[in-house]
Amino acid sequence: MSTETQQTKGIWKVIGASSLGTLIEWYDFFIFGSLSIVISTKFFPADNPTAAFLSTLATFAAGFVVRPFGALFFGRLGDLIGRKYTFMVTLMLMGGATFLIGCIPSYESIGFWAPILVLILRLLQGLALGGEYGGAATYVAEHSPKGQRGYWTSWIQTTATFGLFISLLVILLTRSLMDEAQFDSWGWRVPFLLSIFMVYVSYLIRKNMDESPEFKQAKTEGKTSKNPLKESFGNKYNLKFVLLALFGAAMGQGVVWYTGQFYSMSFMKTVMHLHTDQADVVLGIALLCGTPFFIVFGWLSDKVGRKWVMLTGMALAILTYRPIYEQMYQLTNVANKEEITAQKEESFEEVNNEQQKDELITHKSYYTDGTVVTTTQVKQTVDHPTPTVKQTVIISGINYIKLILLIFIQIIYITLVYGPIAAFLVEIFPVKIRYTSMSLPYHIGNGVFGGLLPAVSTYLATNAQTMQDAEFYLAGLWYPIIISAVCFVIGALYINKNIYAKNQ
């Protein structure tokens, strides 16, 4: 067997072991977001659904906000004791926190302890992820042949998207195995509880991994850092690269990533009122079709450079987000559709609760393009006579294909910005402080700028609707557009080949 073949076989083992653990951590982290609408009814007061949903998004965002602190803590450990042992710890921390979220009693059972416990566990998830990604990306990059870091690290980049895809798949399978009442009562906990088994499998695989060759060499030669935090952020020369990595690449990548994969999901469910299962399937198909392009653009960045591959994704997002979301909104906007009045259906049902009797009135409308709109009105006849209305839309045919395509386009933007960024970050920092230095800008860009996106954008859209803005559904896009524009300008002006060539 040739040396090149042995090297390739070895890197595949490294990628397999690293990717599986990272994928599971992303699954753990994203299952919360995938179930955010259900969680809002379980762990928060139910008397104000909008406030409960915003509180859930804020809790979801809290996990992102603490990621930079996890990057500092675990990044320091990774540069002091090694990459392997550090992300073994993050794996166990993430898996334990996710499992326990599935065990927390509801708000009805323990009151405000429910959201407090969820918040604490969400913060632990954020800390764990803050240490995981930098370790995995650094580990793979330090095993990669020269000139191929973009290609090999792009395999790690697929894990975040696959983690979200698997979270959606597990939710859909769980829903299919039980009725709606069972899923709402206890079935939603299953995806959280399954995490403990996946984490155990990943632990068994990771414990047999070797330390990265570059770190072992640095340690043997006595060239590891004694104070990674000071050398990373107290050194003005290195701090300049940390800031450039954040404001010239990571923050733009972060908002593009979370717009395409989380805001789009929230938009379909809460603005377009698309049926939850259909929205999950649409996003899942788009993710599955788009994921190979992480590899394509990671490989391309080895050939043409990281800079313009990433900035192209940001530029396309800036220019096309509003037209894309306008098209998405119109797919379920019945104001522009022709109703088949002869097929209109209406049903009435009385539901007995402990203290009162509710009237459940369901209207089902059919439209010539295949759209079906179900409007459910619940009138509480004793204490709360004001009816609550819920609308669910199902689309089909060409509209269904169009929606998948519109989400797929956003996934392509993600692959452009995200495919090369691990290699970019690894190459601008030296081995002895690489874990610490690359983790912080990445997790601020993704955790703060990206992680806050669902909550900030939902707030902007809700506020615009309150102000009776006719295009309220596009208001939330100003946040990712402005952040991407600022990042594009800084990246275009200040990122150049000399910045990251020294560590290749």
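## A walk through the core and its helices

The largest nonpolar core of this predicted model has 102 residues. Five of them have the most contacts inside it: Y133, M268, M328, L403 and Y418. Helix α14, residues 236–271, gives the most to this core. Its share is 18 residues.

Take M328 as one of those five residues. Leaving out residues up to four places away in sequence, M328 touches S264, F267, M268 and M272. With the same neighbours left out, M328 also touches L403, L406, I407 and Q410. M268, one of these partners, is itself among the residues with the most contacts in the core. So is L403.

Apart from the largest core lies another one. This other core has 20 residues, including L35, I101, I104 and I171.

Now step back to the whole chain. The protein has 23 helices and four strands. Of its 504 residues, 54% count as buried. Contacts reach far along the sequence. Among those between residues at least 6 apart in sequence, 80% join residues at least 24 apart.

Return to α14 and look at a partner helix. Helix α8 spans residues 149–176. The axes of α8 and α14 come within 12 Å and cross at roughly 10°. Angles under 35 degrees count as roughly parallel, so α8 and α14 are roughly parallel to each other. On the α8 side, the contact is made by A160, T161, L164 and L168. On the α14 side, W257, Q261, F262 and M265 make it. Six of the contact residues are nonpolar and two are polar. None is charged.

Helix α1, residues 3–34, holds W26. Because its relative accessibility is 1%, W26 counts as buried. Setting aside residues up to four places away in sequence, W26 touches R67, L129, Y133, T159, A160, G163, Y258, Y418 and Y442. Two of these, Y133 and Y418, are among the residues with the most contacts in the largest core. A160 is another partner of W26, and A160 also takes part in the contact of α8 with α14. The C-alpha atoms of W26 and F165 are separated by 10.0 Å. Along the chain, W26 and F165 are 139 residues apart.

F30 is also in helix α1. Its relative accessibility is 0%, so F30 counts as buried. Beyond its neighbours within four places in sequence, F30 is in contact with F64, A160, G163, L164, S167, W257, Y258 and F262. Several names here are familiar. A160 and L164 belong to the α8 side of the helix contact, and W257 and F262 to the α14 side. F30 and I166 are 136 residues apart in sequence, yet 9.5 Å apart in space, C-alpha to C-alpha.

Next, follow helix α8 itself. G150 lies in this helix. At 0% relative accessibility, G150 counts as buried. Apart from residues up to four places away in sequence, G150 touches G298, W299, S301, D302, R306, G419 and A423. One of these partners, R306, is 156 residues from G150 along the chain. Their C-alpha atoms are separated by 8.1 Å.

R175 lies in α8 too. This arginine has 12% relative accessibility, and the cut-off for buried is under 20%, so R175 counts as buried. Not counting residues up to four places away in sequence, R175 touches V38, E180, F183, T276 and D277.

The loop between α14 and α15 (276–290) contains H273. With a relative accessible area of 30%, H273 is partly exposed. Its backbone deserves a look. Most residues other than glycine have a negative phi. Phi of H273 is near 60°, a positive value.

Last come the cysteines. How many disulfides are there? The count comes to zero. Two cysteines show contrasting surroundings. C289 counts as partly exposed, because its relative accessibility is 44%. C487 counts as buried, because its relative accessibility is 0%.

How values were computed: Residues are numbered from 1 along each chain as its sequence is written. This is a predicted model: local features need pLDDT of at least 70, side-chain atom pairs count only at pLDDT 80 or more; totals for chains, interfaces and linings use all residues. Side-chain values use heavy atoms; hydrogens and water are left out. A nonpolar core is a set of buried Ala, Val, Leu, Ile, Met, Phe, Trp, Tyr and Cys residues joined through side-chain atoms within 4.5 Å. Buried means under 20% relative accessible area, exposed over 50%, partly exposed in between (1.4 Å probe, protein chains only). Helices (H or I, at least four residues) and strands (E, at least two) are DSSP runs, numbered from the N terminus. Contact means heavy atoms within 4.5 Å. A disulfide is a pair of cysteine sulfur atoms within 2.5 Å. Axes are lines fitted to C-alpha atoms, for helices over the stretch in contact, and angles run from 0 to 180 degrees between N-to-C directions. Angles under 35 degrees count as roughly parallel, over 145 as roughly antiparallel, 65 to 115 as roughly perpendicular and the rest as oblique. Ala, Val, Leu, Ile, Met, Phe, Trp, Tyr, Cys and Pro count as nonpolar, Asp, Glu, Lys and Arg as charged, and the others, Gly among them, as polar.
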